[in-house]
Amino acid sequence: MSDQVADVVIIGGGAAGCAAGYYLAENGVKATIIERDGVAQAASGYNAGGLNPLEGHGWPEPLQPMALQSFRLHRELWESLPAETGIDYHGRITSILKVALDEGELEELRETVQIFNNAPEPGFSAEWLEREDVLALEPRLTGEVIAGVRAVGNGALDGMEFTQALAAAAEKRGARIVTGSAVGLRVGEGGVESVVTNDGEIPCGSLLIAAGPWCRTAEQWLDIAIPVDPLKGQIIRVKPSGPGLTYELIGGGSSMYDKTDGLIWCGSTEEDAGFDLSLTEEARASIMQRAVRLMPSLADAEEVLHTACLRPVTPDWLPIIGRAPGWDNVFISTGGQKKGILLGPAMGKGIAEIIANGATDVSLKGCEPERFGGTRGD
Ligand SMILES: Cc1cc2nc3c(=O)[nH]c(=O)nc-3n(C[C@H](O)[C@H](O)[C@H](O)COP(=O)(O)OP(=O)(O)OC[C@H]3O[C@@H](n4cnc5c(N)ncnc54)[C@H](O)[C@@H]3O)c2cc1C
């Protein structure tokens with residue numbers, strides 16, 4: 001495929017791989033990204049694009065410091081990348097309207113108020129809303145609403161365009177993007193010497209595995225554990241008969257995402273279905289049933305697109321970021337779980353600095369590849 005030696009070959013053109021390519025270029029290191037299906041054609045292209053750095057699996061410890069750092073990086077990136085690449089991915093500060101349809105959901109609302117009003121950084125706040133305040137704010141909501149919370153300060157963007165903008169900016173700075181499938185490695189005395197693809201070999205100084213839920217393929221190549229498994233998520237995009245949302249809407253088991261084109265994305269499922277990507281009637285029915293319960297007028301909405309993709313999830317729900325155990329020139333960046341777009345910039349900057357300089361100031365606590373035990377040759 002190429003005799004040109006890449007400083008770093010990255011396997012995977014999702015948010016993890018493209019962010020690494022971008023920050024490697026910022027550090028003067030030229031990467032070649034190998035992607036088999038096109039940049040952002042997996043989860044990084046079909047996610048909801050929500051950026052909430054205050055809540056999630058692994059919060060507040062150990063992931064919150066990395067999440068807040070990543071959120072700051074997002075705000076820097078959306079000031080520069082759209083102008084630099086011509087790709088507007090609509091990065092913006094937004095808000096969440098969380099509502100309770102029964103007493104059981106009130107506790108989660110109280111937690112959100114607590115979390116947003118005690119955020120470790122300025123810019124976040126939340127207020128409790130009585131039933132009538134909620135319905136005044138969004139009259140299309142069901143009369144079943146008993147209370148709500150308006151939380152401000154989180155962000156949103158379009159994941160596919162964001163990832164493509166990272167790739168385009170990396171390319172402008174000297175990275176290469178190659179269409180192909182990595183099928184093995186050539187290993188010599190100094191470690192990995194080249195990546196074998198379906199179309200020849202790409203010699204490399206170092207290798208970064210950023211293949212999302214497909215990282216386990218590299219376990220056999222490297223003789224180490226990279227325990228990442230797929231968690232399937234289906235989303236239905238609808239065109240409402242009236243205006244779209246201007247905030248993320250959560251309640252009654254439904255999440256709806258505001259998009260700048262007026263569509264509402266209704267999500268999502270969490271299915272343990274291996275690598276199956278089929279669009280199922282069962283998921284459509286369950287997503288739309290919950291969405292219509294929350295906002296009855298969506299019964300008339302036109303379905304625009306139904307998608308499925310796979311979140312990369314590790315056994316402890318924390319990413320894997322760092323040098324591969326037992327290898328000098330192999331690195332891993334994966335496991336972004338339900339937050340891989342939010343965490344993408346920090347994951348990319350962190351691993352790029354480790355590769356380029358041997359250390360990073362990005363907080364990667366809890367993400368050490370060694371924690372799953374086993375090293376090459378064990
Ligand atoms: C329904 C849903 C909603 C989500 N919503 C959000 C959200 O609101 N906010 C948020 O932060 N996150 C969200 N996520 C999570 C986020 O999308 C993922 O964590 C993130 O996109 C993972 O990025 P990645 O680059 O690690 O993996 P991927 O995007 O899967 O990219 C990996 C790439 O590697 C390529 N690849 C694999 N093996 C090979 C090989 N051998 N050779 C060449 N290429 C290979 C694949 O083709 C793929 O393109 C959501 C996910 C889902 C499913």
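Me: What makes the shell around the ligand a site shared by domain 1 and domain 2?
Reply: In this predicted model, the shell draws at least three residues from each of domain 1 (6-81 + 159-227 + 317-372) and domain 2 (93-155 + 230-313).

Me: How many residues surround the ligand, and which are the closest?
Reply: The count is 42. The closest are Gly12, Gly14, Gly212, Gly233 and Gly340.

Me: Which helices and strands each supply at least two residues of that shell?
Reply: Three helices do: H1 (15-26), H2 (43-46) and H9 (340-357). The strands are S2 (31-35), S11 (229-239) and S15 (302-313).

Me: What classes of residue make up the shell around the ligand?
Reply: There are 19 polar, 17 nonpolar and six charged residues. Gly counts as polar here.

Me: Why is H1 called oblique to H9?
Reply: Their axes cross at roughly 45°. Angles under 35 degrees would count as roughly parallel, and 65 to 115 as roughly perpendicular. The crossing falls in neither range, so H1 is oblique to H9. The axes come within 7 Å, and the crossing is right-handed.

Me: Which residues make the contact between H1 and H9?
Reply: From H1 come Ala15, Ala16, Ala19, Ala20, Tyr22, Tyr23 and Leu24. H9 brings Gly340, Ile341, Gly344, Pro345, Met347, Gly348, Lys349, Ile351, Ala352, Ile355 and Ala356. By class, 14 are nonpolar, three polar and one charged.

Me: How do you know that domain 1 and domain 2 touch?
Reply: Residues count as in contact when their C-beta atoms, placed from the backbone, lie within 7 Å. By that test, 23 residues of domain 1 are in contact with 21 residues of domain 2. The C-alpha centres of the two domains lie 29 Å apart.

Me: Which element gives the most to the side of domain 1 that touches domain 2?
Reply: H3 (64-85) does, with three residues. H2 and strand S3 (50-51) each supply at least two. That side has 11 nonpolar, 10 polar and two charged residues.

Me: Where are the cis peptide bonds at Pro60 and Pro62?
Reply: One joins Trp59 and Pro60, with omega about -10°. Another joins Glu61 and Pro62, with omega about 0°. Pro60 is found in the loop between S3 and H3, and Pro62 lies in the loop between S3 and H3 as well.

Me: What is notable about the phi of Trp317?
Reply: Phi is positive, about 65°, although Trp317 is not a glycine. Trp317 is found in the loop between S15 and strand S16 (320-323).

Definitions and conventions. Residues are numbered from 1 along each chain as its sequence is written. This is a predicted model: local features need pLDDT of at least 70, side-chain atom pairs count only at pLDDT 80 or more; totals for chains, interfaces and linings use all residues. A residue is near a molecule or strand if its C-beta atom, placed from the backbone, lies within 6 Å of it. Helices (H or I, at least four residues) and strands (E, at least two) are DSSP runs, numbered from the N terminus. Domain bounds come from an automatic or database domain assignment. Axes are lines fitted to C-alpha atoms, for helices over the stretch in contact, and angles run from 0 to 180 degrees between N-to-C directions. Angles under 35 degrees count as roughly parallel, over 145 as roughly antiparallel, 65 to 115 as roughly perpendicular and the rest as oblique. A crossing is left-handed if the near helix is turned anticlockwise from the far one by less than a right angle, and right-handed if clockwise. Two residues are in contact if their C-beta atoms, placed from the backbone, lie within 7 Å.
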